Amino acid sequence: PPGISPCRVTTALDMLTEVDAEVSNTDIFVSVAAVADYRPKAHQAQKIKKHTASFNLELVRNPDILATVASRSSPPFTVGFAAETQNLKENALSKLQRKQLQMIIANDVSQSGIGFNSDDNAVTLIDRDLTSTHLPQASKQKLARDLISRLATRLDRH
């Protein structure tokens with residue numbers, strides 16, 4: 001779309017580098033999806049051949065891009081998502097506070113008929129001041145428009 005400059009990345013570390021290069025020029029940072037939490041500790045240039053019946057793969061944590069952005073000395077207005085299957089509000093509040101976000105958008109991905117594999121969703125917005133607003137089930141396009149409108153309003157107060 002006009003005004004969009006995509007950055008092509010392969011790994012979470014690549015994504016962190018690109019985000020870090022661009023984020024100082026932004027007023028708002030919306031982290032809409034997480035990269036993998038872990039990556040293989042060692043990179044193999046060639047196929048790993050079968051030699052034994054079992055194989056151990058050591059993983060290391062990827063950087064938390066959203067928390068990294070939110071912890072900057074002058075962060076943009078930071079917004080994260082919490083896709084939860086239980087304890088929606090409690091888990092979302094924990095993430096909001098732990099990562100020092102201005103807002104989190106929580107959705108219950110265990111509900112059938114909305115969220116994953118559906119054109120509809122329902123979400124709850126929670127601000128840093130713990131104000132909670134539920135947006136009932138609607139098309140994802142309508143929810144996206146509502147979210148942008150509400151983010152713009154909150155950004156004005158930031």
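Two strands count as paired here if DSSP finds at least two bridges between them.

**View 1. The open sheet of this predicted model, with its five strands****.** By that criterion, the strands line up in the order 1-4-5-6-7, and their pairing is mixed. Look to the edges for strand 1 (28–31) and strand 7 (132–139), each of which pairs on one side only. Between neighbouring strands of this sheet the average turn is 20 degrees, direction ignored.

**View 2. Helix 3 lying on the sheet****.** Helix 3 (residues 88–98) packs here and touches strand 4 (77–84), strand 5 (103–108), strand 6 and strand 7. Follow the helix direction against that of strand 5 and you will find an angle of about 150 degrees.

**View 3. Strand 6 and its two antiparallel partners, strand 5 and strand 7****.** On one pairing, strand 6 (residues 120–127) is joined to strand 7 by six bridges; Asp 120 has Ser 139 of strand 7 as its bridge partner. On the other pairing, four bridges link strand 5 and strand 6, and Met 103 stands opposite Asp 127 of strand 6. Strand 6 is mostly covered, with seven of its eight residues buried.

**View 4. The hairpin made by strand 6 and strand 7****.** Four residues lie between the two strands. Take a moment for Leu 130 in the turn, where phi is positive at about 70 degrees.

**View 5. The largest nonpolar core, a set of 14 residues****.** In soluble globular proteins, nonpolar side chains tend to be buried together. Val 19, Phe 29, Ala 92, Leu 101 and Ile 104 are the members that touch the most others in this core. Helix 2 (65–70), helix 3 and strand 5 each give two or more residues to the core, and helix 2 gives the most, with four.

**View 6. The surroundings of Ile 104****.** Leaving aside residues up to four places away in sequence, Ile 104 touches Gly 80, Phe 81 and Ala 82, along with Ala 92, Lys 95 and Leu 96. Thr 124, Leu 125 and Ile 126 complete its list of contacts.

**View 7. A second nonpolar core, separate from the largest one****.** Eleven residues make up this core, among them Phe 77, Val 123, Ala 138 and Leu 147.

How values were computed:
Residues are numbered from 1 along each chain as its sequence is written. This is a predicted model: local features need pLDDT of at least 70, side-chain atom pairs count only at pLDDT 80 or more; totals for chains, interfaces and linings use all residues. Side-chain values use heavy atoms; hydrogens and water are left out. Axes are lines fitted to C-alpha atoms, for helices over the stretch in contact, and angles run from 0 to 180 degrees between N-to-C directions. Contact means heavy atoms within 4.5 Å. Buried means under 20% relative accessible area, exposed over 50%, partly exposed in between (1.4 Å probe, protein chains only). A nonpolar core is a set of buried Ala, Val, Leu, Ile, Met, Phe, Trp, Tyr and Cys residues joined through side-chain atoms within 4.5 Å.
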